[in-house]
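Thank you all for coming. I would like to walk you through a few places in this structure, one after another, and I will explain the terms as we reach them.

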Amino acid sequence: MNSMSEQPQHYPISRRNALRQMACGFGYMAAAGISSQQAMASSIANPLLPRTPHLFPRAKRVIFLFMAGGVSQVDSYDYKPLLYKKDGDMLDFTDQRILAKTGMGSNQRVMKPLWDFKQHGQNGAWVSDLFPHMAKHTDEYCVIRSMQTEGVAHGPATLFLHTGSTNLIRPSMGSWVSYGLGTESQDMPGFVSLSPSFGNGGPRNYGNAFLPAACQGTAMGRAGMKATNIGIDNLRNDSLSPDRQKRQFDLLQSMNHEQCQSQPGNSELEAVISSYELAWRMQSNAPEVMDISKESAATRELYGIGEKHTDNYGRQCLMARRMAESGVRFIQVNYSDNSNNPAWDQHNDMPKHKEHALAVDKPVAGLLTDLKKRGLLEDTLVWWGGEFGRTPYAQKNGTGRDHNPTGFSVWLAGGGVKPGLIYGATDEWGQYAIANKVHMHDLHATILHLLGMNHEKLTFRHEGRDYRLTDVHGNVIHDIVA
Amino acid sequence: MFSAPQKLVSALIVSIFAPQVDLWGLNPSDSGIDFFEKRIRPLLTEKCIECHGPEKQKGGLRLDLKQGWEVGGDSGPALVPGDLTESRIIHAIHYENADFQMPPKNKLSDEAIADLEEWIAMGAPDPRSGAVTDSRESGLSVEEGREFWSFKPIEKPKVPAVEDPLWQDSPIDSFIRAAQEAGGIDPAEKASRVDLVRRAYFTLIGMPPSPDQIESFVQDQRDDAFERLVDELLDSPHFGERWGRHWLDVARFAESSGGGRTLLYKDAWRFRDYVIESFNRDVPFDQLVREQIAGDLLPYNTPKQRSRQLIATAFLALGPTNYELQDKQLLRYDVIDEQVDTLGKAFMGMTLGCVRCHDHKFDPIPSEDYYALAGIFKSTRTLYNYTDNVARWVDTPLPMEGVKANELANAESINTELKPQLERKKATQSVFSQHTVNVPKPGPPKPSRQFPGIVVDERDAKVEGAWQFSQYSQNYLDEGYLHDGNIGKGEKAIMFSANIPITGTYEARLAYAEAANRSTQTPVTVSHSKGETAVIVDQTKPPSEYGRFHILGRFEFEEGHRGNVRISNRNTDGYVVADAVQWYLIEDESVIKSNARKEELAKLKTEIKSLESELKPIAQLLKARPIAMTVKEDPEPSDSAIRIRGIESRRGDVVPRGFLQIATLGDTPEIPHNESGRRQLADWIVSPDNPLTSRVIANRIWTWLFGQGIVSSVDNFGTTGQPPSHPELLDYLAIRMQELDWSVKSFVREIMLSETWQLSTQAKSNVVERDPSNRLLAFYPKRRLDAEQLRDAILASSGDIDLALYGPNIDGAGEINANSTAAQKIEYNYVFKDKRRSVYTPAFRVKRHELFELFDFGNINFTIGQRNTSTVALQALYMLNNPFLIDQSRVAAKRLIQDRQNPDERIDLAFETTLGRGPTDEERRLIADFLSNGQTSDSVEEWSSIFQSLFGSIDFRYLK
C-alpha cells in the first residue's frame, strides 16, 4: 500500500498524461472503481488503491442510512416535555424559512409530539414509540441532538449534507472518502448509493464533481424501484446465452489484442483491454455480493425481509452489509423518493411519519444486530439521519411540521464512536441547538477523522485552489470519539 | 435590541468602577490588569484562542494580542473599550443574531459574559503586546502580474527558420519543427490517407466517413485533395453540430437547472441552435462573445437578428442555479458568482470564483476586480425577482416576421386597447357592488380581493428607499407588508396608486397592523382632485375598519385620473408600516338601492363578459409566441459592495463597475451610470488589447484539433495553470485569429492544412522517451472518440442515424410550465430513444444519458474546456451489455446480410463501415473462425456479435 502524504500526491498529473508516460506492459491503470489486489502489484497510478490514512483509522467504511425529507427530532429522539404543556399555544418563534426571506420572526402554534417517549437501555435514552426497534439499541449508538445545518429547503440542505455546499458544485462525501482511502473491493465499486433520488440534487449527491472520475459514486437502482430489481447497470446481458456471450467476448478481446499489437507503446489501449477483463470479472462476481437469497431465514427475518412494510428497505440494508463485507468503502442506503417533498417531509400530515418509521425501524435495528454479531460494527461506521429536522410548532397552524435546520438529531454507531452517548442539546422547545452544537461541517470532519483522515489535509487542487469537503470550516467532535 | 448592554454600562459604572478602586487600594489600571489576568485571559485562552489565535484566525480575528482585537477581523474592531453597544464581541456572546454567535458551539456562562462586559466597560485593559502580522496569503500584485506570460501584450513573433523544407510553408509548422529540431527529435511520417480521412471527418463533423467517401478521397490524385476535403467538410451543416458542441461544453449548456428542485429549461434548445448555426455561418468569434454577453443590448436591423441576439444571452442564464434557495440575496450573489466564474473561464481562462471571498491567492486579481464585475451582473436581471419561493429566470418573447408578426402586433394592439377598458369596468363593478361584500374578520392574512372597493396591496405600490418585507404581524392582506425597520428616517416612502373608475367622494383608508413599537406620527399625503391633504396616523392604535383599515378621510376623485396615497417615514418615532390602501365610494342609500344601479350593474356584467371572451384568444396567441431564456438590464443599475469573506450580509466598500485591471492594457470603455456595463464588458473582452481572450480561444481551437492544448490547462491561464509549450506559436495564433477577423473556419483550415496536423500517430523511435507527453507534437496524439462521437459513430455505422438538423428534441416540453412538477417528471422519467445526433440529446442536469455519463462527458454544471479520458470497467460493461449496443449491432447485421451475399465481402464491408478500413489477415481469420463455429453465416445473431465486437474494439473507439 502506498501512503497518503499531507498534500495528496496521487493525482499529480492527469490520468491522460500519466498514461502517456507509461510504457506498454502496464495494463491495470484502468481499474477505476473495481481495482483488484493482483492489479495493484503492477500499478503505480491506480487512483483507487487502498491508501494509508493520515491518522489511525477507527472505521474502515461507512454505511449511511439517509432519511430523506427530515425526521422530526421532537417526535423521535429529542424529548421536550414543555411541548405537551404548551400544546396549542400561539407563540413567537424564529421560523427559518420566514427568516431567510424577510429577516423577521413569526407567530406559531406549538404542537406536541404525536408519539409517547420512554427511557431505554442502560443509558436511559429517551426514544419515542415511533422507533420501537431502534429504541432497543440505544446503548450501541451515540445520539447527537444538537445538529445544525445549512439550507432551509430540501435541495440546498440535501446538497449540503452530501457535499458541504448548498449550491456550488462540490464532490460528495463518498467521493472524498474514495479519493482519500481508495477501495478494498475486487469486484465492486468503492462508493455505492442504493436507490438514490433524482430530486434535490440527484446525481450531485453522489457525484465526484472535480475529483477523478473513479471517485464517482455508482448508483444501484433508483428511488421508487423495488429492491428486488436493484443492481449495477449493464451487469446483465438478457439477449445472449452465457456460452454465446463468452464466445463474443473472446472474439472482441482477440481483435483488441491484434489491434493493440499494431500500435506498440500505447498503454491506454492496454488499459481498454484490461477494463474488459475487469468488467467480465465484475459481471461474474458482483451479482453474488448483491444476492441475498443465500442468507439464512433468521438473518432475513432480522431485517424484516418478507414482511410487507419492511421488505424493501430490509433488503437494501442486508445488501449494504454484504457490500461492507466485500470491501465497499462508502455505502449509502437511501430512504427517499423522487418528489420535491421526499419521504419524511410531513408538512401537513405528521401521523404519516409512522408509515416511514415502520419501513425503516426494523431493518435498521436488524442491520445493527447483524453487524455486531459478525464483528463488523467494530470498524463500520453507521450513520442514521436526514438533511434537517422539523419545527416544534405546526406549519401554518396546520397538522404538520416545517423544516428545521437549526437543531435536529442524528445517530452514529460503531467505527470508533462512543456507544450509548447522548451528545448535545436543543433549547426547551427542541428548535435551536444550544449545547455542544454540531454543525454538518463538524459531522463531516468527525466522520473523516474516524476514517483516519484529517479533514483539513484531505484536499484536492482544482482551478488553482485546494478544495476540502469542509471548505474552511469544521471541527472534529472529539467528545464523541471512543 | 441593544438595550440590555446599555443598561449594564450604567450599572457597572456605578457599582464597580469608582468604589472598588478605593476598596482595593490600587490604581485603576493595576486593578484592571489584575482583572484581566484573573478573569479575562483564562477565559479567552479557553474559549476563543483556538480559532482566533496564532494558529487560526477565523474571520481574520486574533484575540491572543491586544492589537488583535484593536485591529479586529474582517468586520472591523472586535470591541470598543468602554462601549458595550459598539462592541461586536458583546453582541456575539449574547447570541443576539442567529448568524453571529460566539463561541459557536456553546454560549458562555452568564458569569463569563458578565466578566467580559465588566472588562470592556472598564476600558478593556490588556497588557499583551505584540503586533498582528497579516498572515493571509496573497497572490501577485497587479504590477507583478504584468510580468507573467499570459498578461503580457500579444506581439506577433518572428517565424523561426527550420532546415526541413517540408516544414517551411506554414508558419505553424515552422514553430513546431523548430522546437523539435532544438530537442533533437524527428516528426512521424504523414498519416495514411485512410487514417487521415477518418481523422478529418471525426474532427470536423464528428461522424465517420462512409466506405464510398473514404474511397473517393483515397483515389483523389490531385495535389490539393486534402484541402478540398477540408473545405467540403467545413461547408457541411454537420460542422456546426460538432464545433457548436465544443462551445456548448464551454458554455456549460444544459436543458434543466439540476440542483435542488430541477427546473426544465424548455427553451434552451434555441441557444443550442444559435451556437450550431453560428459555427455553420462562421459568425466571427468576437461577435459571438458580444452576443452572448450583451446580445439584448446590441443594435439590430431585422427581427431575426434581434431574436438571435436575445437568444445568445442564455449563455448567462442557463447555469446550474438552485432556484429554491430561500435566502434570495444569497441566491442573487450565487448567480452572479456563477456568471463571473463562467465568463472568466470561458473567454479569459481566469478562475475568478475564489475572489468572491478574498483576493486571489495566486493570480493578480484583487477582490475589487471581482466585485467590479459582480456590479455589472448585479445590474443585470437574471432572475425575475428576489422574493419568489421558487425563483424564475427571465423569459423574453421573440420578435416575429411576416404574417405571424402582423398577427401578433394586431393581437398586442387589441390587448393594449381592451385590457384597460376591461379593468376599468371591473373596478366600477367592484365599487358599485361594494355593499354586498362579506368582509373577512380580522386575524389571519386574507387576499385583498376579498375586501370591498378598490384595494391596492403593497406589492403593487411604488417604493423609495429600503423597505423590508415582513409577515410578522399576521393581520395583513395578501402576502405580507412592508416596514421601514425604524431606520433611515426621511429616506423612505411608499406610494399606493389607483385608477379611479368613476367620479365621486371616496373614503381613503390605510391598512396596517398596529403594535406598541409603531410610529405615532406617520405622515400620509392623499392626492385627490382638489389637491393634496396631509394626514398624520398613529400606528400604535388599532385601525377602526374591520380591524384592518384606518380612515384617512373623505376626498373627491375624478374618473380616469389616478388617486395617490403616499406614506413617508419622515420624522417618525417608531416602525412605519404599510400594507394596503382602500378607496371606498361614499354614496346615498337611495342611489345604491336604485333600479338604475341594478341596470348599470347588469350592463357592466354583460360588457365584462364580452370583453373577456374577446381577449381570451388574444391572450392565448400572445402566450404561444416563441420565448427565449435571456437576461435583461436591471431598471436601476448600481455598483456592488465587496462581500467580506464572500458572506452576503457582510458588506465592505462599494466598487465601481469595471473590469480586471491585470487584463487592461489599453483604454477601458466607460460604463454609463444608467447601463449595467455588459456591452462595455464584451467590448473590453474582445479588444485586441486584452492579452487573454485571443490567446484563450486560439488555444481552445488548437485543443479541439489536437486533443491537447499549447496551454494544457485550457481554462486556466493564471499562475496555477500550465505554461505554454510553444509560447511564440500561441501568440502567432492569437494574432492570426485577429487577422482572420475571428473566423473560426479559416483558422481551423490553416491548422488542419499544416504538416503537423497530418502526422501519423505512430512516433519515430526514441521520441516517446525524449518527450513522453508529446508536448512537441512529433506525432499526432492518439484520440479516443468522445461520448458524442462514439454514439454518433455507432448510429452512423448501423445506418440508423437520424440526421435532422436543428430544433427542439425533448418530448412533451413544448408549452409546459417549466416551473411545474409535470415538467420535472419529463426529466425524471425521460427515456432516451431518439436516433438524432448526440448534440440534440436532451442535456438534462439530473437525468443524463447513460453513455454520456460513462464516457467522460464530464460535469455538465461546469465549463468543460477539455474532456477527460478515463478508462473504467463500467464503460466496458456498457459496451458488452447495454441494449443500445445490442440493438444497433442487430440493425447493422441485418443491413449487411441484405447488402452482401459473399461471406468475404461481408467481412470487408463490416470492417469498412465500422473501422473505416478492411480487415487485417488475422482479423479476417478471427471472424471466419467465429462464423464457422457451427453456425451459418446468414445468422443475424452471429453477425450482431461481430458488429458488437467491432464497436467495442480499440480501432473503433480510438482514432489514428
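**A helix in chain B**

Helix α30 of chain B, residues 883-899, has 17 residues, which at 1.5 Å a residue should span 24 Å, and its end C-alpha atoms are indeed 24 Å apart, so the two agree; the expected span is 1.5 Å times one less than the number of residues, and helices here are DSSP runs of H or I with at least four residues, strands being runs of E with at least two, numbered from the N terminus. This is a predicted model, in which local features need pLDDT of at least 70 and side-chain atom pairs count only at pLDDT 80 or more, while totals for chains, interfaces and linings use all residues. Residues are numbered from 1 along each chain as its sequence is written, and chains are lettered from A and ligands numbered from 1 in the order in which they are written.

Among the buried residues of α30(B) are L885(B), Q888(B), A892(B) and L896(B), where buried means 20 or more other C-beta atoms within 10 Å of a residue's own, exposed 12 or fewer, and partly exposed in between, with C-beta atoms placed from the backbone. Seen down the axis, the buried residues of α30(B) fall within an arc of 140°, so they line one face of the helix, the arc being that of the directions from the helix axis to the C-beta atoms. On the other side, P883(B) and Q898(B) are exposed.

**A loop residue in chain A**

L421(A) lies in the loop between β15 and β16 of chain A, and is buried, with 20 other C-beta atoms within 10 Å. Although L421(A) and Y141(A) are 280 residues apart in sequence, their C-alpha atoms are 7.1 Å apart in space.
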